[in-house]
Amino acid sequence: MRCVLLGPPGAGKGSLAGVLKENFGIVHISTGDMLREEMNKQSPIGIQIKELMAHGSLISDEIVTALVKQKVRTDTNLAKGYMLDGFPRTIQQAVALDRMLIKLRQPLNFVLYMDAGKDVIVNRLIGRRVCRQCGALFHVKNKPSKKLNICDLCGGDLYQRSDDNEETICKRIEIYENTTKPVADYYAKQEKLIHISGEKETADVRNDLIRILNEKKSD
Ligand code: AMP
């Protein structure tokens with residue numbers, strides 16, 4: 001199974017990724033995580049993108065597409081499939097992805113499109129905390145960890161992403177509306193788009209997703 005998770009920041013793509021990983025055993029490929037890893041390693045790419053990432057701006061199509069191509073072509077753990085989270089974010093990236101997957105004879109099966117209102121998104125992102133070690137997601141009000149700033153799953157430190165502040169969140173939403181939303185139309189034309197509400201609780205999202213994917217199997 002190969003799919004894309006599309007939607008504004010904070011729509012719940014991370015929770016959706018958890019459900020897909022747990023139920024279908026497919027690998028989560030997040031370009032945001034890959035770019036943050038480059039920054040942590042202080043690689044030449046990491047140094048180059050630091051400012052743009054801090055301000056919520058998009059990284060160039062060339063850099064991000066090259067990272068994804070490298071991953072999809074060389075990672076031997078992708079046999080069961082994968083979900084691309086945060087990629088493609090521009091039409092150019094979507095076209096480059098299609099070209100690569102056609103060459104590999106591995107087309108995308110579907111694109112899960114999650115949406116949520118601006119107030120929901122801003123509240124979710126401002127309160128979001130991420131485990132430095134395992135990437136698990138928490139929220140200071142909606143899903144607090146049992147011990148302050150300690151991950152319930154692995155005991156790692158929880159941190160707040162530097163781009164999860166109100167000013168940067170608003171900029172990321174604006175970039176999403178102008179540049180990434182058209183990618184949903186691109187996939188709708190290919191009849192690959194599946195809509196999932198991002199305003200529901202994770203348990204309801206899980207049920208919706210499993211029902212939709214089972215319906216697709218029996219089509
Ligand atoms: P995310 O973790 O998906 O919210 O991404 C965090 C940041 O990484 C974004 O605000 C961008 O600066 C950068 N980024 C992630 N994916 C992409 C992409 N496909 N194209 C350009 N920039 C990206």
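## Two cysteines and a ligand site

With a relative accessibility of 33%, C154 counts as partly exposed, and this value, like those that follow, was computed from a predicted model. C131, by contrast, has a relative accessibility of 3% and therefore counts as buried.

The pairing of these cysteines deserves a careful reading. The sulfur of C154 has its closest cysteine sulfur in C131, at 3.5 Å, which is too far for a bond, because a disulfide is taken here as a pair of cysteine sulfur atoms within 2.5 Å. Under that criterion the model contains zero disulfides. C131 accordingly belongs to no disulfide, the nearest cysteine sulfur being that of C154, 3.5 Å away.

The ligand is the second subject. Around the ligand stand 17 residues, of which T31, R36, S57, G86 and R89 come nearest. By class, the shell divides into six nonpolar, six polar and five charged residues. Helix α2, which spans residues 31-41, supplies four residues of this shell, the largest share.

Several of the nearest residues can be followed down to single atoms. In T31, a polar side-chain atom lies 2.8 Å from a nitrogen atom of the ligand, while in R36 an N or O atom of the side chain is 2.9 Å from an oxygen atom of the ligand. R89 likewise places a side-chain N or O atom 2.9 Å from the ligand, there facing a nitrogen atom. As for cover, the ligand on its own has 480 Å² of accessible area, and the protein covers 95% of that area.

Technical notes: Residues are numbered from 1 along each chain as its sequence is written. This is a predicted model: local features need pLDDT of at least 70, side-chain atom pairs count only at pLDDT 80 or more; totals for chains, interfaces and linings use all residues. Side-chain values use heavy atoms; hydrogens and water are left out. Buried means under 20% relative accessible area, exposed over 50%, partly exposed in between (1.4 Å probe, protein chains only). A residue is near a molecule or strand if one of its heavy atoms lies within 4 Å of it. A polar contact is a pair of N or O atoms within 3.5 Å; within protein, one must be able to donate a hydrogen and the other to accept it, and residues adjacent in sequence count only if both atoms are side-chain atoms. Accessible areas come from the Shrake-Rupley method with a 1.4 Å probe; for residues, only the protein chains shown count as cover. Helices (H or I, at least four residues) and strands (E, at least two) are DSSP runs, numbered from the N terminus. Ala, Val, Leu, Ile, Met, Phe, Trp, Tyr, Cys and Pro count as nonpolar, Asp, Glu, Lys and Arg as charged, and the others, Gly among them, as polar.
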